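Dear colleague,

I am handing over the structure that we talked about, and I would ask you to keep it open beside this email while you read. My notes on what was found in it follow below.

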Amino acid sequence: MFTPPLAKLIEQLQKLPGIGPKNAQRLALHIIKRSDKDAEALAQAILDAKRRVGLCQKCFHLSADPVCEICRNPSRVQSTICVVADSKDVIALEKTREYQGLYHVIGGVISPMDGIGPEQLHIQPLIQRVSQEKIEEVILAINPSVEGETTTLYIGQLVKPFTKVTRIAFGLPMGGDLEYADEITLARALEGRRDFD
Ligand code: ZN
């Protein structure tokens, strides 16, 4: 049995995604062995990130500023919006260095089973952007799961009256995740995007 404070730390770490009991123990013991300064730096980084990081008010990507760095960057192509489910997809697409436009993070996929309907996602602000700004192309880049497909079709229909809509050509299997696609696959998927109809 671990002494209560250590047990508590293990319990908290185990709540993190991908961290099982063994990993939680290993991490907790590692943290205990390190200096007070290291432990404080870790605790402080968690608190700082939690307090300071919110969502960009324009694209809903994670940002410590009201408007994120991508939206603020004047050298990005302002007339293209790539729609993704999650901030981690922005990170994956940015790694390819292929995409120069802007993003819109809807914050999940439509999933009635989990009580997530369109109104729980940032879809309305996307329609606003597309109808009010000079947008020449909306690229739909949502993971190709059943829910992802439903979400893609839903958004495509709403956006189509305003602008050209394309969807990325996944070389990924159904259920494949943008996050785990390698950069070349993702770059190809982006390059081979096709018209939404
Ligand atoms: Zn932004």
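A good place to begin is alanine 141, which is buried because its relative accessible area is 0%. Please bear in mind throughout that this is a predicted model. Alanine 141 is found in the loop between strand E5 and helix H7, and although 59 residues separate alanine 141 from cysteine 82 in sequence, the two are 6.6 Å apart in space, from C-alpha to C-alpha.

**The sheet**

The strand just before that loop, E5, belongs to an open sheet of five strands, which are arranged in the order E4-E3-E5-E6-E7 with mixed pairing. Strand E4 (101–105) and strand E7 (194–195) stand at the edges with a single partner strand each, so one side of each has no neighbour in the sheet. Even so, E4 is mostly covered, since five of its five residues are buried.

It may help to walk across the sheet from one edge to the other. E3 and E4 pair in the parallel sense over five bridges, and here valine 83 stands opposite histidine 104 in E4. E3 also pairs with E5 in the parallel sense, over four bridges, and in this pair threonine 80 stands opposite glutamate 137 in E5. E5 and E6 run parallel as well and are joined by four bridges, with arginine 167 in E6 as the bridge partner of leucine 140. At the other edge, strand E6 (residues 164–167) and E7 pair in the antiparallel sense over two bridges, and arginine 167 has arginine 194 in E7 as its bridge partner.

Which residues of E5 point one way, and which the other way? Glu137 and Ile139 point one way, whereas Val138 and Leu140 point the other way, and all of them are buried. This fits a general pattern, in that the side chains of a regular strand alternate between the two faces of the sheet.

Helix H7 (residues 146–159) lies across strand E3 (77–84), strand E5 (137–140) and E6, and the helix runs at about 165° to E6.

**The zinc site**

Which residues are the protein donors of the zinc ion? They are Cys56, Cys59, Cys68 and Cys71, each through its SG atom, and they lie 2.3 Å from the ion. Along the chain these donors follow the spacing C-x2-C-x8-C-x2-C. The four donor atoms subtend angles of 105 to 116° around the zinc ion, and the arrangement is therefore tetrahedral. For comparison, the ideal angle for four tetrahedral donors is 109.5 degrees. Among the donors, cysteine 59 is buried, with a relative accessible area of 2%, and cysteine 68 counts as buried at 2% relative accessibility.

**Two residues with a positive phi**

Most residues other than glycine have a negative phi, which is the background for the next two entries. Phenylalanine 60 has a phi near 70°, a positive value in a residue other than glycine, and its place is in the loop between strand E1 (54–55) and strand E2 (62–63). Arginine 97, which is not a glycine either, has a positive phi of about 60°, and its place is in the loop between helix H5 (87–96) and E4.

Are these residues buried or exposed? Phenylalanine 60 has a relative accessibility of 15% and therefore counts as buried, for which the value must be under 20%. Arginine 97 has a relative accessible area of 70% and is therefore exposed, for which the value must be over 50%.

**The two domains**

The protein chain is divided into domain 1 (4–52) and domain 2 (62–195), and the centres of these two domains, taken over C-alpha atoms, are separated by 33 Å.

For a look at the first part of the chain, I suggest alanine 28, which lies in helix H2 (residues 21–33) and is buried, with a relative accessible area of 0%. Leaving aside its neighbours within four places in sequence, alanine 28 is in contact with Leu6, Leu9, Ile10 and Leu13. Alanine 28 and glutamine 12 are 16 residues apart in sequence, and the distance between their C-alpha atoms is 9.6 Å.

With best wishes

Technical notes
Residues are numbered from 1 along each chain as its sequence is written. This is a predicted model: local features need pLDDT of at least 70, side-chain atom pairs count only at pLDDT 80 or more; totals for chains, interfaces and linings use all residues. Side-chain values use heavy atoms; hydrogens and water are left out. Two strands pair if DSSP finds at least two bridges between them. Contact means heavy atoms within 4.5 Å. Axes are lines fitted to C-alpha atoms, for helices over the stretch in contact, and angles run from 0 to 180 degrees between N-to-C directions. Donors are N, O and S atoms within 2.8 Å of the metal (3.2 Å for Na, K and Ca); water is not among the atoms, so sites may look incomplete. Four donors count as tetrahedral if all angles lie between 85 and 135 degrees; four count as square planar and six as octahedral if opposite donors are over 155 degrees apart and all others between 65 and 115; anything else is irregular. Buried means under 20% relative accessible area, exposed over 50%, partly exposed in between (1.4 Å probe, protein chains only). Domain bounds come from an automatic or database domain assignment.
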